[in-house]
Each structure stands twice: as structure tokens, then as C-alpha cells.
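Hi there,

Here is the structure I promised to pass on to you. Have it open while you read, and my notes on it follow just below.

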Amino acid sequence: MLQDQRLTDTSACARLIAERLGADLRIAAPLGLGKPHGLLNALYRLVRDDTWRSMTLYTALSLTRPQPGSGLEGRFLEPFLERHFGADCVDPQYALDQARDALPPNVAVHEFYMQSGMMLHSGSAQCSYISQNYTHVARDLVEQDINLLVQLVARRETPAGVRYSLSCNPDLTLDFLDRQKAAGRARPLCVAVVHPQLPYLSGHAEVAEDFFDLELAPPSSPPLFALPRQPVGLAEYALGLHASALVKDGGCLQIGIGALSDALVKALLLRHQDNTAWRAALVTLDGKGATHAVAGHVGGLTPFVTGLYGASEMVMDGFMHLQRAGILKRRSWDNMALERAAAVGRLPADVPGGHYLRGAFFLGSRELYEWLSEVEAADPDAIDMCRVSNVNQLYGDHQPLAALQRRGARFFNTGMIATLLGAVASDTLDDGHVVSGVGGQYNFVAMAHELPGGRSILMLRATREAGGSVHTNIRWDYGQTTIPRHLRDIVVTEYGVADLRGKSDAECVAAMLAVADARFLDALSAEAKAHGKLSLDFRIPDAWRRHTPEHLQQLGPLRSKGWLPAFPFGSDFDALEQRLLPVLKQLQADSASWRGRLGLLRRLLRPGDAAEGEQAALARMQLQSPVNLSERLQQRLLLAALRR
């Protein structure tokens, strides 16, 4: 790369790109962490101001900081967000504008996966959403006349010259450019934006200097986007405990992100590190032995000896914790002879190399990013970031090797709604509004059915609260489907495991009823009978009647012993904020229904006796000295909730 192809001024880089490519910018940018927000914002401003230009962006998972509302929510979140993300954090402006339907008419943004719930009320985003399997994105991009690819990279000087690492996002870039070439289409202008904090990962993520046409290395860079760690409740822990019994020692693991995945990882750690405590917790939930029975032929109940191999589209914090605990340690080799020897236990211990984790992109906490850099420095073969076509599917030249590497696969994903016949909706509401996207979920479900011994495990809460009422997440039917019923496999809720593979419709309905919330069993059973999918003489066993939130409170003593902490992997909130979180959550829930609002009014009139530490809470919320009616009302609400 010539010196005049290396720039440090972001605005100048944007102008140079526009001059080279003309009036119509058709941009591809990685999902998540790999998007260079500064450069994209500069291009967006340029096009917005020059209305004779146009910009079409194809991307996914545009990460923005939470946008706090007014009142108590804003008072709590604003100081936290500035501390956690940094005052110099840069949001993608196009995403903020699209969320409020304020994109200029000469700008279009198409995402195949959206930040969960962020764009539910954006007409522009809903109309522009492209529903695609993760592995089909590169193929479809070829048809979009892309003339610009921008990507955040890590940079390294070597004796042989400059090298770049695609780091967090080799997922689609490599597949797309190869498909573009194979189709005989012109290569887009490729721009590398260097970020000094991005972990440099070698292997398949590393590319030569001439891979990019331009390099932008700004004099300063905003901090990498780090996801705040969320609390895990007893229901999530119950689900995680059931799910953790389905993992087979020596097998392969895929996990996603969120509270359910955190609960699963914590349960796996407990199973390995304190097996007696883990068994006690599982017995508390599984008194009749239903999960134990499934574990006998699907998973296991003992600590991990051989350990697990990770093959996951997303590398997240959970894999870091599993590796540190000695669970994520089974290595695989991209060599059939070595892998066959390893599979039968005949590989000599002194054979170097091999990786224990393969992923297509990573996103998580700052601790994760530091860990990735540390592992690269100490053991560069251990983590292989590569193209999504390798991770998310079996098809291609690598199929026999990939199938062997992924022996004993357990692919965990999360869903929103499941039907009694085994279909699952994970990304779209009943009315068609998209919450997030299909992403790679279908890829892994389909792959589990193709792999010998592979299983797809979809995790979802049995109920949800909305509008002050409790609703079942297990339905007779639902308007949208992410995973069709013919790919039904295993569904896990906080009440147990439903093994649906190879079951008849009537058996499937019964298995789903067995993991539903007891409050909805009679209605669900009646509906299945009315549709001829359940025998009229079917009776609900008494054991299922105990599937209530009150039953889950039996895990409370285990939480008090420290086995099931509210924040299993540490918290980005300080101690006072951790105390305020459930208080504010309860206030939000109460304000969602007339009954709750009536209770709030009663507590406002009679807030009760002073609670310990309430003055510190008022100070944190800047309500110790209210100056107007609104602030006095907020203060009284907070005090009433704290004293409750």
C-alpha cells in the first residue's frame, strides 16, 4: 500500500471515497463490533448534506448505546452509560435516525439482523429488513452492486511488511469477496479502519497488506463497544440447570448471548467445579427425574474430563469462562488424519497446535477483548476466527472434517414463542414486526439434524409479562415461525426438557405441556384436544401442576449460598446500582397496569418507614433535593419503592 493510500483524517477519507466512487455509494459493513462508526458517520453526513448523492448500506447489528427515557429511567441510566461506554463513545448516526424514522430520502439502510427490539417501531427499518440465513448473506450481497466495503481492523508491523487482522469479523468479508470474484464482478473499494484496541487474531482472520485499498488510522479512537453484563433471575437459572445436563463430555458447543446463555454457562461451571451442589440444584427442580432421564442418553451428569470444543457463530464471554475453568479444552485440527486420531484417543499428547474454539464474529465485555489478546499472545492456534460458511454450515469441501470436529454437538439458541407442535418463533412477532433477525439460528438447527449425534436445543422462558399480565410463551399456534415443526428437536424452559425428536404430534403436544407454566395447562390442553392433536381422555399429571414461579423459589437457598448469584460473572453496575435495578424494574412493571398504578398511588400516599441506605439511593438518582413538582413526585415514588 502506497503512503498516499494511508490516511489519518476521517473526513478527508470520506471525501476521497466519494470522489473515487461517484454519486452512488453502495456500502457493505460488518455486523456488530467490526463497523467503523466514525467513517460511516462521515459518509452519512456527506450524503445527507449533498442531496444529489445517495447511500445504501447493507449491514447488521448496528450497535448503539441504550437511549434512556425521561424520569427515573434517565436519572439511573445516563450516569451509568457515560461511565460504561465512555464520554467519547460514537454511535452510528444512521441507526439513531432510522430508529425514529428520520433517515433522509437519499439514504437506505438494510439489515439482516437488528439490535434486539431497537427497530420495532421504525417503519423504515421494518420495511428495509432483509430476512436471510447468515450463510446466505454473502451470496445475496453479490447482487447488490456493492462498490465500497469498510471494516474495523487490527494492524501489525512484521518483518515481511504490514499485516491486518479482520479480528472480530472475518465472518462475511472473506465469503463475500470470494463470491464477488467468482461471479466476475468488480471488486469493491476495500477500506481498513485501524483500531488500536481491537485484538489482533492470526490464522484465518489475518490478511496481507494488499487486501485493502485504503487504510484509515485516526489519531484517536473511541473505546470498543462493550455489552453491559445483565442480571440472571431464578427462572433463567432453572432453565440453565436443566440445559446444562444435556451437554456431553467431549462434545461440541454453540451458545448465544443473553441471560439464558449466561445461566447455562454458570450451570456448566457449577456442574464441573462443584458437582455435588449442581446435582442438588437439579434434584430440587427435577424431583421426578425427567431431566435426569434425558441426560442419560443426550448429555451427562458428571464433571468434564475430555472437555468441550467450541464451534459458535458468536464468540462471547461464556466461552472465556468455560476455558478458564478447564471445560473448553478439547482441541481440533484442520487435518483429517490428526482429527481421526484425536477422536479415537490415539493422538500423541505432544502434537502441537489445534484450536479449541472456532467462531465467525465476537462481541462481549472488555474483559473478553483482553482475554482474546492474551490467548493470541500465549497460544495463537487456540482460537480460530474464520468465515461464517465454515462455522455455520457443513456443506463444502470441509464437510467430512467439520462433522468429525463437531462430534457430540449441542447447539443452544434462544426463542421467544414455541407452539405445542414444536415450531419456534425467535425473531418476529405475531404481526410480522421483526425483533432481531434469523441470523444463524436456522443454520445450527438444520446442522444439528445432519450431524451424527448432534442436537439442537432451543431455550425459552415459559411465560412473559406484558401490560401488567402474565402470558404463556407456549401456544397452540403463532403467526410467525423461525424454526419449523419438522425440525423440532429439544425445547427447554425453566420447568424442564421437552425432547421432541421423532415424536408424533400427540407425543410432542404432551412433551410441550410438561414444560409449560401450570397456570395455562388446562387452556392449552383443551385447545390441542379441540384440534384433534391430543386424546380426549388425556389428563394432566399432578407433577405438572407444580410448574409455577413459586416452585422455582426453592432455588432461593442456593442463591443465598452464592451458587446462583444475580450477576454470575461480575457486574458493570456498582453495589448501589445493583440495589436500585430491581426497585426500578418493579416500578416499571407496576406502572404497566391499572392495578399496579393503583398500588403505586396507595404507596405514594403512605410510603412507610425509612429504609436503610435510602439517602444514598436518592443522591445517586439526584433526587435528594427536588426543586419542582416532577422531581418531588419521582422522589416519593422511589422512596415508596425502596421502603416496599
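Let me begin at the surface. Trp594, Leu598, Leu601 and Leu605 make a nonpolar surface patch of about 460 Å². Please keep in mind throughout that this is a predicted model. Leu598 belongs to helix α23, which covers residues 594–605. With a relative accessible area of 39%, Leu598 counts as partly exposed. A general point helps when you look at a helix like this: an α-helix has 3.6 residues a turn, so residues three or four places apart point the same way.

Now to the inside. The largest nonpolar core has 156 residues, and the members that touch the most others are Ile17, Leu39 and Val191. Helix α2 (residues 37–49) gives the most to this core, contributing 7 residues. If you would like a place to start, click on Ile17: leaving aside neighbours within four places in sequence, its contacts are Leu25, Leu39, Leu43, Leu148, Leu189, Val191 and Leu214. There is also a second, separate core of 32 residues, with Leu420, Ile474, Val509 and Phe520 among them.

Helix α8 (residues 234–244) is worth a look too. Of its 11 residues, 11 are buried, so this helix is largely enclosed by the rest of the structure. The buried residues of α8 include Glu236 and His242, along with Leu234, Tyr237, Leu239 and Leu241.

Another buried residue to pick out is Phe411, in strand β14 (residues 409–414). Its relative accessibility is 1%. Not counting residues up to four places away in sequence, Phe411 touches Cys252, Gln254, Ala311, Phe444, Met447, Ala448, Leu451, Arg455, Ser456 and Ile457. For a sense of distance, Phe411 and Ala610 are 199 residues apart in sequence, and their C-alpha atoms are 49 Å apart in space.

You may well ask about the cysteines. How many disulfides does a search of the whole structure find? The number is 0. Cys168 is in no disulfide, and the nearest cysteine sulfur, that of Cys386, is 14 Å away. A disulfide here needs two cysteine sulfur atoms within 2.5 Å, so a distance like that rules out the pair. Cys386 is in no disulfide either; for this residue the nearest cysteine sulfur is that of Cys252, 12 Å away. Cys168 is buried at a relative accessible area of 0%, and Cys386 is buried at 2%.

On to the charged side chains, where the count comes to 37 salt bridges. Here are three of them to look at.

- Arg6 pairs with Glu215, with the closest N and O atoms 3.5 Å apart. This pair links distant parts of the chain, 209 residues apart: Arg6 is in strand β1 (residues 6–7) and Glu215 in strand β9 (residues 214–216). Glu215 is buried, at 4% relative accessibility.
- Arg330 pairs with Glu339, the closest N and O atoms being 3.9 Å apart. Both Arg330 and Glu339 are buried.
- Asp505 meets Arg485 at 2.5 Å, N to O. Asp505 lies in helix α18 (residues 505–513) and Arg485 in the loop between β20 (474–475) and β21 (490–493), so this salt bridge ties together parts that are 20 residues apart in sequence. Asp505 is buried at 17% relative accessibility, whereas Arg485 is partly exposed at 36%.

Salt bridges with shared partners also join Arg6, Arg155, Glu157, Glu209 and Glu215 into one network.

Last, a word on the backbone. Most residues other than glycine have a negative phi. Which way does the phi of Asp101 go, positive or negative? Asp101 has a positive phi of about 55°, although it is not a glycine. This residue sits in the loop between α4 (93–99) and β4 (107–111), and Asp101 is partly exposed, with a relative accessible area of 42%. Asp145 also has a positive phi, near 55°. Asp145 is in the loop between α6 (137–141) and β5 (148–158); with a relative accessible area of 47%, Asp145 is partly exposed.

Happy to go through any of this with you whenever it suits.

Best wishes

Methods:
Residues numbered from 1 in each chain as written. Predicted model: local features only at pLDDT ≥ 70, side-chain atom pairs only at ≥ 80, totals over all residues. Heavy atoms only, no water. Buried < 20%, exposed > 50% of the residue type's maximum accessible area, 1.4 Å probe, protein only. Core = buried A, V, L, I, M, F, W, Y, C linked by side-chain atoms within 4.5 Å. Helix = DSSP H or I, 4+ residues; strand = E, 2+ residues; numbered from the N terminus. Contact = heavy atoms within 4.5 Å. Patch = residues over 30% accessible without salt bridge, like charges linked within 9 Å, V, L, I, M, F, W, Y side chains within 5 Å. Areas by Shrake-Rupley, 256 points an atom, 1.4 Å probe, with all protein chains shown as cover. Salt bridge = Lys/Arg side-chain N within 4 Å of Asp/Glu carboxyl O.
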